[in-house]
Amino acid sequence: MVSLVLLTLISYVLFYDANGAITVEVDKYKKGLGFIWAEASALKHQIGDPAKYLFLMMGAMILLTTEFGVLDEARRISRDIVKVSW
C-alpha cells in the first residue's frame, strides 16, 4: 500500500503543476505502458539517470511480487477444491 501511494505521489508531482493543472499531453501516454516510460523520463530529467532506473526496477519488482501473490492464491484455491472434491 505504501508503494502504491508513493508511486501516485511521484506521478502527481511530475505531471501536474502547483495549481493542479496537467503539464503534459495526455493522449500520447494512454496507449500501452507509455505512462511508465513518460514517468521514468521525467524522473531522469528532474533527478538523473539513477532515479529513472530505480523507478523502473521498483515497478518491475512490484509487478513481479503481485504476480507471485496471484499465482500463490490460485494454487491455494485449486488445492482446496481438489481436497474437498476428492
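What relative accessibility does Ile36 have? Ile36 sits at 24% relative accessibility and therefore counts as partly exposed, where buried means under 20% relative accessible area, exposed means over 50%, and partly exposed lies in between (1.4 Å probe, protein chains only).

**Before selecting anything**

The model is predicted, so local features need pLDDT of at least 70 and side-chain atom pairs count only at pLDDT 80 or more, while totals for chains, interfaces and linings use all residues. Residue numbers start from 1 along each chain as its sequence is written, and side-chain values use heavy atoms, with hydrogens and water left out.

Colour the chain by pLDDT, the predictor's confidence in each residue on a scale from 0 to 100. The chain has a mean pLDDT of 86, and 100% of its residues reach 70 or more. Confidence is lowest in α1, with a mean of 82, and highest in α3, at 91. Helices here are DSSP runs of H or I with at least four residues, strands are runs of E with at least two, and both are numbered from the N terminus.

**Stop 1: Ile36 and Ser41 in α2**

Select Ile36, which is placed in helix α2. Leaving aside neighbours within four places in sequence, Ile36 is in contact with Phe55 and Leu56; contact means heavy atoms within 4.5 Å. For a distance across the model, pick the C-alpha atoms of Ile36 and Trp86: these residues are 50 apart along the chain, and the atoms are separated by 46 Å.

Then select Ser41, also a residue of helix α2. Ser41 has a relative accessible area of 30% and is partly exposed. From Ser41 to Ile77 the separation is 36 residues in sequence and 40 Å in space, C-alpha to C-alpha.

**Stop 2: the nonpolar core**

Select Leu14, Phe15, Ala38, Ala40, Ala42, Leu43, Ala51 and Phe55, the 8 residues of the largest nonpolar core. A nonpolar core is a set of buried Ala, Val, Leu, Ile, Met, Phe, Trp, Tyr and Cys residues joined through side-chain atoms within 4.5 Å. Helices α1, α2 (34–46) and α3 each supply at least two residues of this core. The largest share, 4 residues, comes from α2. As background, nonpolar side chains in soluble globular proteins tend to be buried together.

Within that selection, centre on Ala40. Apart from neighbours within four places in sequence, Ala40 is in contact with Lys52, Phe55 and Leu56.

**Stop 3: the surface patch**

Move to the start of the chain and select Met1, Val2, Leu4, Val5, Leu6 and Leu9, which form a nonpolar patch on the surface. Together these residues have about 660 Å² of accessible area, by the Shrake-Rupley method with a 1.4 Å probe; for residues, only the protein chains shown count as cover. Patches are built from residues with over 30% relative accessible area and no salt bridge, joining like charges within 9 Å and nonpolar side chains (Val, Leu, Ile, Met, Phe, Trp, Tyr) within 5 Å. One member to label is Val5, found in helix α1 (residues 2–15). Val5 is partly exposed, with a relative accessible area of 44%.

**Stop 4: the salt bridges**

How many salt bridges does the structure hold? There are 3, each defined as a side-chain nitrogen of Lys or Arg within 4 Å of a carboxyl oxygen of Asp or Glu. In general, side chains of opposite charge can pair when their charged atoms come close.

Select Lys44 and Asp49 for one of them: the closest N and O atoms are 3.7 Å apart. Lys44 is partly exposed at 36% relative accessibility, and Asp49 is partly exposed at 36%. Asp49 lies in helix α3. Asp49 can also be paired with Lys31 for a distance check: 18 residues apart in sequence and 24 Å in space, C-alpha to C-alpha.

Next, go along α3 (residues 49–85) to Asp72 and Arg75, which lie 3 residues apart in that helix, about one turn. Their salt bridge has its closest N and O atoms 2.8 Å apart. Asp72 is partly exposed at 27% relative accessibility, as is Arg75 at 44%.

Add Arg76 to the selection. The side chains of Arg76 and Asp72 meet in a salt bridge at 3.0 Å, N to O. Arg76 and Asp72 are separated by about one helical turn because they are 4 residues apart in helix α3. Salt bridges with shared partners join Asp72, Arg75 and Arg76 into one network.
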